[in-house]
Amino acid sequence: MREHAPAPLGEFEQMVLLAVLRLGADAYGVSVHEELGRHAGRAVARGAVYMTLDRLEKKGLLTSWLSSPTPERGGRARRYYRVTRTATESLSSSRRALLSLWRGLAPLLEK
Amino acid sequence: MRRLALAVLRRLTDDALADSIFGDLDELRHKRGSRGRAAATLWFWREIAGIVLYASARRAVESARRAAAFRPDLARLARELRHAVRSSRAAPWYSATVVAVMALGIALAVTIFAVVDGVLFKPLPYPGADRLVAIQPGFTDPSVRGRPPVSANDLEAWQRALPHVRFTGVDLSVMTGLEAANEDPLGGAMVHPAFFDVLDVEPLIGGFVPSDFDPAAPRSLIVSYEYWQHRLSSDPSVVGREIAVPAPLMSVRVAGVMPPGFVVPGVTRAHLLMPPHPRLASNPNQRTYQAIARLPDGLEPAVFQQQLEAAMRQLARSELLTPGGSRFQGPFDRATVSPLADWMTQPSKQLFETVSVAALVLVLTACLNVSGLMAARSLDRGRDLAVRRALGARPADIVRLQVLEYAVLLGAGGGLGLALAYPILTITLSLLPHELHLLKTPALDARVLAFIVLMLAASVVLASIWPARRALQASNWPVANTSAATPRVRSGGRSAVVAGQIAAALVLVVAGALLVGSLLRVWNNDDGLEVDNLILVDLVMTPNPVNGSVGSVPNMATRFEQFLDRARRLPGVTAVGGADVLMLSRSWWGVIGFKPLNGAGGGVENLQGIPVTPGYFQAAGLRAVAGRLPTDAELASGAPVVVVSRSFAAAHWSGTAALGQQLLTSVGRRELPPHTIIGIVEDVRFAGWDLPPEAAVYAPYATLNFASAPVAFIRVAGATAPIIAEVLRLVEHEPTLRVRRAAPARELLAETIRPRRLRSWLFGAFAAASLALLSVGLFGLAAMSIARRTREIGVRLALGATRGRLVGGLVAEQLMPILTGLAAGGLVAAWAVRSLQSFLYELTLYDVRVWLTAVLVVAGTALVGTLVPSWRASRLDPMRSLRTE
């Protein structure tokens with residue numbers, strides 16, 4: 001997959017990329033959905049997860065590969081995802097920006 | 001269900017993602033299966049539904065986003081439109097020229113389309129019109145000529161032989177008797193009982209019933225929609241209403257109303273349909289119908305023609321010639337079948353196809369013209385466009401701006417053209433021949449408006465290509481160029497535009513010159529009569545088709561002579577005479593036949609003769625060129641003397657050798673004594689101004705006692721209009737006499753060449769318009785080009801160039817495109833004018849004088865168009881031009 005220059009990321013896109021990063025080699029649709037559910041503190045629409053994974057792959061921020069098919073999956077393979085360097089650069093850039101903005105604001109939110 | 005769900009998901013996403021989702025959900029369902037299969041399955045389908053819904057919503061949002069991206073920014077469009085209008089107003093002469101050029105081209109093209117639509121494009125107003133054919137029967141014997149009509153018995157016999165085809169007929173030779181004198185013919189036809197059934201058309205109101213076709217039934221008719229609207233006040237209960245027939249004084253019953261837009265095959269503007277005349281209805285062998293048939297699906301006209309001819313040959317074996325009858329009346333054994341649409345439009349199709357092509361050439365000329373002007377304007381705005389590019393405008397923005405400006409100008413031209421089309425169409429309609437068969441009345445209707453819109457759109461596209469390209473080039477010039485004079489652009493495109501306009505103009509001017517030249521030659525023809533101060537009165541005394549009453553021949557002749565006597569007593573009348581002749585109706589035949597005694601005169605027979613009354617020669621203005629004219633007493637007493645026309649004498653004897661020769665004739669079965677030729681007069685063009693004069697024999701009316709086509713010749717001392725009014729009053733209370741038309745002879749003569757006048761008007765207008773476009777276009781191009789070269793011209797003048805050399809140099813630059821255009825136009829014209837061969841009169845297609853005149857006019861127009869701006873440029877003050885920024 002051709003890698004693209006860093007592009008601005010939406011909030012949910014960032015969350016999906018972070019979930020894929022956290023899951024490492026085990027990141028596929030089901031696990032990403034569960035990971036997001038654990039950390040987001042709210043129900044996450046499964047369709048949103050799949051559409052976002054697909055969109056991120058088309059943007060060049062994720063790559064995917066297929067595992068061996070299994071009978072439990074109706075003879076279909078799992079599609080695993082991995083972040084690209086472009087994605088990590090975009091996430092780093094976004095993190096820097098957010099941290100910079102967040103600096104000194106934590107006490108205000110705790111009031 | 002799974003397959004359906006998978007298919008839906010694949011449509012909303014893609015195969016890979018859909019498979020991945022299904023695999024993941026199957027895996028989870030398998031895991032959940034331990035808690036209960038039903039619950040797991042329910043969960044599975046709930047998740048699938050949720051994903052499908054989400055994917056659908058996502059797709060809808062993306063589609064809306066894409067659609068919104070293409071929606072034109074209306075505010076920007078409005079801004080750019082305002083800019084286009086301002087830009088056009090900043091160059092008023094240029095804008096006015098473009099608008100005027102486009103308006104002229106559009107006006108003529110729209111006029112032509114409005115007329116041509118009713119001839120070439122409008123489909124026939126009958127359901128399944130492609131299944132209708134016209135049949136022209138004939139004979140394989142080549143000695144039997146002519147195309148006779150068919151009888152009711154013919155139609156019935158064919159129907160029996162070919163039951164899968166439906167036959168009907170329409171009698172086109174009908175004078176309705178319902179129009180007032182000098183009124184345009186109402187147009188009528190007698191129809192076969194199956195007429196409406198075969199055409200598959202229902203009358204709007206009422207209709208004929210079988211008893212209407214009974215010879216003993218009272219006369220009835222079906223009126224046109226227009227007649228019902230204008231003369232019967234759209235009375236919904238019109239069926240059964242009685243209409244008064246002027247002559248004879250009686251009434252007919254309205255049986256129904258034709259639907260709007262109905263056209264009677266073969267009859268121009270027919271307003272009345274009626275059953276066959278009682279005499280015809282009681283004689284089904286009488287041949288008066290034009291045959292029409294509706295073919296079943298799958299039967300081609302060529303195959304039907306073979307079937308019909310086979311049936312005719314079968315019938316011919318069992319049918320004998322009527323004793324004493326001619327082969328012309330005998331059984332048919334040949335047929336020509338053509339689609340009804342072709343048969344109805346064929347007479348005028350060639351003319352209007354040619355005219356359509358000429359209109360297209362004119363529009364193309366206008367497009368070339370404005371294209372050149374707009375390209376020159378683009379160069380003038382080079383600095384403005386370069387600044388826009390420098391400020392970030394994309395090439396697409398530049399092109400869009402320019403095309404919008406062109407569209408504004410061309411749209412204004414189209415609107416003005418539409419306004420101009422109205423008076424031009426009115427003039428053209430007044431010149432249309434009455435016999436022209438139109439499938440709709442030419443008007444600026446919805447179809448024509450749609451044509452204008454399409455043509456304008458095509459014109460904008462065509463005319464914008466080159467100027468838009470020029471504008472893009474100009475926008476790439478360096479903005480830092482401080483000179484207002486834009487770089488001189490050597491443009492092969494400009495030369496091509498000039499050459500193209502000249503070529504197109506030459507084609508149209510040659511065509512116009514040939515047709516106008518033909519018309520001028522016709523106008524130079526001597527009709528043979530002294531047409532000034534002469535009134536011709538066509539009288540009708542033959543049995544009126546709606547009354548069924550037949551007068552005796554001596555009775556009709558007596559009534560004719562009584563009318564002539566009354567006319568002689570009118571004040572202002574200097575001479576009155578009568579003749580039985582079909583006058584100025586594009587065809588002619590004598591009512592009696594003569595043959596030379598003892599086979600003299602080359603042994604010819606059946607020489608056409610015209611019965612004339614006392615006073616005829618004086619009223620017609622015919623003088624004897626040899627021998628003498630018969631006296632009034634000789635004509636009144638029926639003396640056995642005749643006068644012949646000059647061409648008659650020359651054809652059968654040499655010159656005056658005809659004098660003293662004797663001719664034989666008969667009336668009915670009665671042989672008359674030989675008639676002696678006592679005088680020779682000039683030829684008269686009885687049929688039409690552009691038709692050859694007829695070789696005629698003039699014999700005493702009293703001898704022959706005929707009145708089939710009586711015409712009164714009334715010579716007056718002063719104005720004709722008051723006498724015509726008095727003549728019409730003479731017959732107001734005459735129950736068995738009617739004036740079909742009474743008009744000055746000069747006017748009737750001009751009517752015979754109405755089609756020729758129409759052609760000359762159309763092509764003459766095209767020629768004039770093309771010259772106007774050419775002169776305006778070349779003037780504009782040259783003026784704009786010279787304006788860009790102001791500094792250069794100033795330098796030349798400052799360095800000592802004489803004005804003459806300057807003008808000569810500027811004009812010489814245009815010589816090559818002019819000569820190229822003339823050469824190309826000449827070749828195209830030489831090929832194109834072949835379609836005009838049948839329209840010419842005493843002119844050949846490649847008449848040297850006509851061609852030379854056309855070339856000189858076009859070349860002269862082109863040179864004047866370039867000379868004037870060049871001459872104006874030579875008058876520039878060099879110092880002022882050098883200071884020009």
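Which residues does Ser220(B) touch, not counting those up to four places away in sequence? In this predicted model, the list runs to Phe208(B), Asp212(B), Arg253(B), Ala255(B), Leu273(B), Met274(B) and Pro275(B). Ser220(B) sits in strand E6 of chain B, which covers residues 220–223. With a relative accessibility of just 2%, Ser220(B) counts as buried, because the cut-off for that label is under 20%. One of its neighbours, Asp212(B), also gets a polar contact: the two side chains come to 3.4 Å from each other.

Arg76(A) is another buried residue, at 18% relative accessible area. This arginine belongs to a loop of chain A, the one between strand E1 (62–66) and strand E2 (79–83). Setting aside neighbours within four places in sequence, Arg76(A) is in contact with Pro69(A) and Thr70(A) in chain A, and with Arg2(B), Leu6(B), Asp19(B), Phe22(B), Gly23(B) and Asp26(B) in chain B.

Over on the surface of chain A, Leu98(A), Trp102(A), Leu105(A), Leu108(A) and Leu109(A) make up a nonpolar patch of about 500 Å². Helices H4 (85–102) and H5 (106–110) each put in at least two of the patch residues. Leu98(A), for its part, is in H4 and counts as partly exposed, with 40% relative accessibility.

Back in chain B, helix H27 takes in 27 residues, 848–874. At 1.5 Å a residue H27(B) should span 39 Å, and its end C-alpha atoms are 37 Å apart, so the two figures agree. The N-terminal end of H27(B) is capped by Asp847(B), with a side-chain oxygen 3.1 Å from the backbone nitrogen of Arg849(B).

Terms used: Residues are numbered from 1 along each chain as its sequence is written. Chains are lettered from A and ligands numbered from 1 in the order in which they are written. This is a predicted model: local features need pLDDT of at least 70, side-chain atom pairs count only at pLDDT 80 or more; totals for chains, interfaces and linings use all residues. Side-chain values use heavy atoms; hydrogens and water are left out. Helices (H or I, at least four residues) and strands (E, at least two) are DSSP runs, numbered from the N terminus. Buried means under 20% relative accessible area, exposed over 50%, partly exposed in between (1.4 Å probe, protein chains only). Contact means heavy atoms within 4.5 Å. The expected span of a helix is 1.5 Å times one less than its number of residues. A polar contact is a pair of N or O atoms within 3.5 Å; within protein, one must be able to donate a hydrogen and the other to accept it, and residues adjacent in sequence count only if both atoms are side-chain atoms. Patches are made of residues with over 30% relative accessible area and no salt bridge: like charges are joined within 9 Å, nonpolar side chains (Val, Leu, Ile, Met, Phe, Trp, Tyr) within 5 Å. Accessible areas come from the Shrake-Rupley method with a 1.4 Å probe; for residues, only the protein chains shown count as cover. A salt bridge is a side-chain nitrogen of Lys or Arg within 4 Å of a carboxyl oxygen of Asp or Glu.
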